[in-house]
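Here is a quick tour of a model, going from one residue out to a sheet, a ligand and the confidence scores. Have the structure open as you read.

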Amino acid sequence: MDKTTLSALGEILGDRLRTDFETRTAYSFDALRKKFLPDAVGFPGDAAEVQRIVQLANRLRFPVVPRGAGTGFSGGSLPVHGGLVLSTERMDRILAIDTENLYAVVEPGVLTGALKEEVRKIGLFYPPDPASLKFSTIGGNIAECAGGMCAVKYGVTRDYVLALEAVLGTGELVRTGVVTMKGVAGYDLTRMLVGSEGTLGIITKATLKLIPLPESVTTLLALFPSNRHSADAVNAIVAARVTPAAMELMDRTAIDTVRETIPVDLPEGTRSALLIEVDGQELAVAREADRIAEACRSRGALEVRRASDAKGRDGLWTLRRSISPALRRVGAVKMNEDIVVPRSRLADMFDFLADLAARKRVTNVNFGHAGDGNVHVNFMVSGTDPDETRRAEEAVEEVFRAAVEMGGTITGEHGVGIIKAPFLEMEVGPMGISVMKRLKNCFDPNGILNPGKIFPEEAATAH
Amino acid sequence: MKDDELKEMAGLCAKCGTCRAVCTLYPHRRTENSAARGKVVILESALSGEDKDTAAVQEAMADCLLCGRCERECPNLVLYEELVMKARAALADEVGVPAWKSILFGKVMPRDGRMRALRKAGAAAARLLLKKVPSGSGLHYRFPAEFLTGGRTIPQLPAKGFIESLGKGEAASGDVLLFVGCVFDHFYPEVGRAAYETVKASGREVAVFREAACCGLPALVSGDRESALENIGANLRRLREAAPETIVFPCGSCLLMFKRNIPSLFKEGHPLHEDAAFVAERATDYASFILDSGVVDRLPEPPPAERPGEIGYHDSCHLTGTLGKGPEARRVLERAVGDAFAEMKGADLCCGYGGTFNIRDYPTSSKIGENKVKVAASGGTKVIAAGCSGCVLQMRDMAARVEPSMRVVHIAELVRRALARAK
Ligand SMILES: Cc1cc2nc3c(=O)[nH]c(=O)nc-3n(C[C@H](O)[C@H](O)[C@H](O)COP(=O)(O)OP(=O)(O)OC[C@H]3O[C@@H](n4cnc5c(N)ncnc54)[C@H](O)[C@@H]3O)c2cc1C
Ligand code: SF4
Ligand code: SF4
């Protein structure tokens, strides 16, 4: 970026434009842990400023990369071609909560957890629950279409976005959607923007659907001798016509990893575990929990534990919650993929992974949202052995291929970003890519917004 | 800048961003730079040689309260506080201690012995440095704007420190040793006194550690490794010689130093490793001692409070947060003041002192501290009890600014009062 560009940006942002090396460094990464230095970092305070920035970018041709909290796993907020990182940190107000029509209007920089907490106080519920909810933003959640544990019952971010205000790549401000439950006027531009990873428009305001807060929750932990058994139990639970609010599967690798760091008391022979939650009205919850426990036992559960009070539930969650921290001890670098397969193919996927890890001689740890078929596949590598890294990379590619072949997807919630761009075509095909590129061209003809993402390109290398 | 140990420590960070949402400083800066993740990345950039502006990196590392909230929430067990302290030391080795910190060491937190000298010159120095201002509760002084950022109320240096006030031969020997700490010796001798008398109520022989040098924390967090090591070495030697069974710390920050920071400085193989372990093993916080030594059982049944719930307990970052000593203090308070004690609103909010951060950026330190006191007051608290010297110093200053009727005390003062009832 040259002086003229920086001073023009400075005119819009004043001291909310930073060009010092330390700030640029602090904004050069996200949770993918790759590093690309931006030329400058801007902190606009409202949609008008965002608009002026994008208009300027069209005139002077520099990349604008939206960034929420930088917790993405696919490199979405990395400025791979330099330019301006546009942080939404200062646009973090909850503008309105409508308790009659059940929706909230927020700025993009609001932390998801903060919104959930605010509406919970008045008996309402914003269900999307990525594990990063306490520290990721609504804008980032929408742009990645973040999901979470409760997706099996409540769906993902997409299902709660009613309307958006966004600045397109052209610098034009557009308002999409309606605040009502129904609405079919024209193309669904709202859904177009959801999951678009900051490549089509910068979301400046979001209207989100709220629902009544469930009155009670019960947690169950079912322990099984194998993944086959738990996958069977998942199907049995679904067949028993119960929809849990969460259904998390941990395989042997995950359980063993946790056991290496903290003592967990599990029955002899535990090789797989299901953590299940049901919520709703108290009586109904108790009945559903009974049915789930029954389904698990009938499919060979070694033991089923159950709790409804906060402390007991917290105890049951320990195993699941300890996986990520424990993983760090297994290998220095984690290749973390989030594939999805149809629920009925879960057991096949786990078998495939066990075989693959043995073939490629890499440490592999799996856990995930069994209720919706989303598996977090982790390959742990030391980072110091190039051959091991190569074997792991090959394994990742095989996993993607297998997921697509089983009728699933290469990414359930983390997005394509830079890391999955080379594999996009594997899933959507050349025609899919071609249509997407034409759409991109329509929203952002000059390629201003978040260049280098989603679509494969050669140039981008981390430094 | 090159340092393999730092590199390895920083390498544990997964850049997940958990820390930013809990950072005490973040809401005031609103940039990544202020939270742990940003600091780790800036440090890594310096370590790899990419960022060569050592002074700027030093500034970035200085902008932190070392409150440890980030570290407690970090899922990847990054030892953030240690990392920053070590980084500050490594940077100071390269470019020296920042100018504003030299002021601090020369004038406010002098090393062993110098505080006494300063107080002797006492009134005169104070007149030079401090401008008298009227205030509701006793005499307070304020630094003139030119000296630091201005607006601060600090206690008048009393004529005599606590240790100085001890009679010859008083508290000279015993298997329990009281480590009073600079602030409770020099600024608030009444706290030193209260701690001493209540610890003595255990019936055990109590010696006050008279030869104490500063615990070294202010120097360590400033990257002044040399002064820190000098003080630490002197303390460890003398403590080892005194060979007490128990060492009681009324100040949580001094305790943290001996319990955690010093042992991590002197790992296995270091000549001072054994001494450090010896002291760490015997070091205990004030409240735990009062509980374990049975002082608490000697307190008379507290009478029903006139104003129930007016006394709250402040969770100091170091004492409750890092060392996990919150429940003990509460149990002591429940016994000492009965239902006058109640959980305080915002008990775990940092007071904003942050050791030297208060000197570096007084306006921000004040905003954090004023908020702390206001939140407490909004929940009905009238008296804040704490167990750490920095917190007491800071919250008294903040109360004077925004809630003049709020009192801030050390829990020992309340225990002492309860004991007096027994007589
Ligand atoms: C520990 C951890 C756990 C996680 N768990 C989950 C999980 O369970 N489920 C899940 O789905 N994800 C999870 N994630 C990934 C990540 O938190 C999500 O992708 C999240 O939605 C990113 O939000 P963010 O605010 O950090 O956005 P960023 O990472 O800053 O940005 C993400 C993308 O959104 C774009 N963007 C950001 N703001 C805007 C805006 N206002 N307008 C347009 N585009 C924008 C960026 O350009 C980028 O492409 C996890 C991450 C971590 C570190
Ligand atoms: S919480 Fe820990 S691992 Fe995560 S970014 Fe902060 S310091 Fe790094
Ligand atoms: S120690 Fe406190 S102020 Fe410093 S980065 Fe951590 S949370 Fe923020």
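## A serine in a helix

Let's start in chain B, where B:S45 is part of helix α3, which covers residues 36-47. Keep in mind that this is a predicted model. Is B:S45 buried or exposed? With a relative accessible area of 1%, B:S45 comes in under the 20% cut-off, so it counts as buried.

And what does B:S45 touch, once residues up to four places away in sequence are set aside? On the chain A side, the partners are A:F21, A:T25 and A:K35; within chain B, they are B:E50 and B:D51. For a sense of spacing, take B:V57, 12 residues from B:S45 along the chain: the two C-alpha atoms are 9.3 Å apart.

## The sheet in chain A

Over in chain A there's an open sheet of seven strands, paired antiparallel, and its order reads β15-β12-β14-β13-β17-β18-β16. The edges belong to β15 (303-307) and β16 (333-340) of chain A, each of which pairs on one side only. Going from one strand to the next, the twist averages 15°.

Zoom in on the β16 edge. There, β16(A) pairs with β18 of chain A (residues 374-381) in the antiparallel sense, over eight bridges. If you want a pair of residues to find on screen, A:K334 stands opposite A:M380 in β18(A).

## Helices on the sheet

Two helices are worth tracing here. Helix α10 of chain A (residues 282-298) packs on the sheet and touches β12 (216-224), β14 (272-280) and β15 of chain A. The direction of α10 makes about 5° with that of β12(A).

Helix α14 of chain A, residues 386-405, lies across β16 and β18 of chain A. Relative to β16(A), helix α14 runs at about 5°.

## Around ligand 3

Which residues come nearest to ligand 3? Out of 13 around it, they are B:C23, B:C64, B:C67, B:G68 and B:C70. By character, the shell around ligand 3 splits into nine nonpolar residues, three polar and one charged.

## How far to trust it

The model's overall scores are ipTM 0.93 and pTM 0.91. Chain B averages a pLDDT of 85, and 86% of the residues score at least 70.

Two stretches of chain B score lower. Residues 103-112 stay under a pLDDT of 50, with 22 contacts in the model beyond four places in sequence. Residues 117-150 are also below 50, and this stretch has 48 contacts beyond near neighbours in sequence.

Conventions
Residues are numbered from 1 along each chain as its sequence is written. Chains are lettered from A and ligands numbered from 1 in the order in which they are written. This is a predicted model: local features need pLDDT of at least 70, side-chain atom pairs count only at pLDDT 80 or more; totals for chains, interfaces and linings use all residues. Side-chain values use heavy atoms; hydrogens and water are left out. Helices (H or I, at least four residues) and strands (E, at least two) are DSSP runs, numbered from the N terminus. Buried means under 20% relative accessible area, exposed over 50%, partly exposed in between (1.4 Å probe, protein chains only). Contact means heavy atoms within 4.5 Å. Two strands pair if DSSP finds at least two bridges between them. Axes are lines fitted to C-alpha atoms, for helices over the stretch in contact, and angles run from 0 to 180 degrees between N-to-C directions. A residue is near a molecule or strand if one of its heavy atoms lies within 4 Å of it. Ala, Val, Leu, Ile, Met, Phe, Trp, Tyr, Cys and Pro count as nonpolar, Asp, Glu, Lys and Arg as charged, and the others, Gly among them, as polar. pLDDT is the predictor's confidence in each residue, from 0 to 100.
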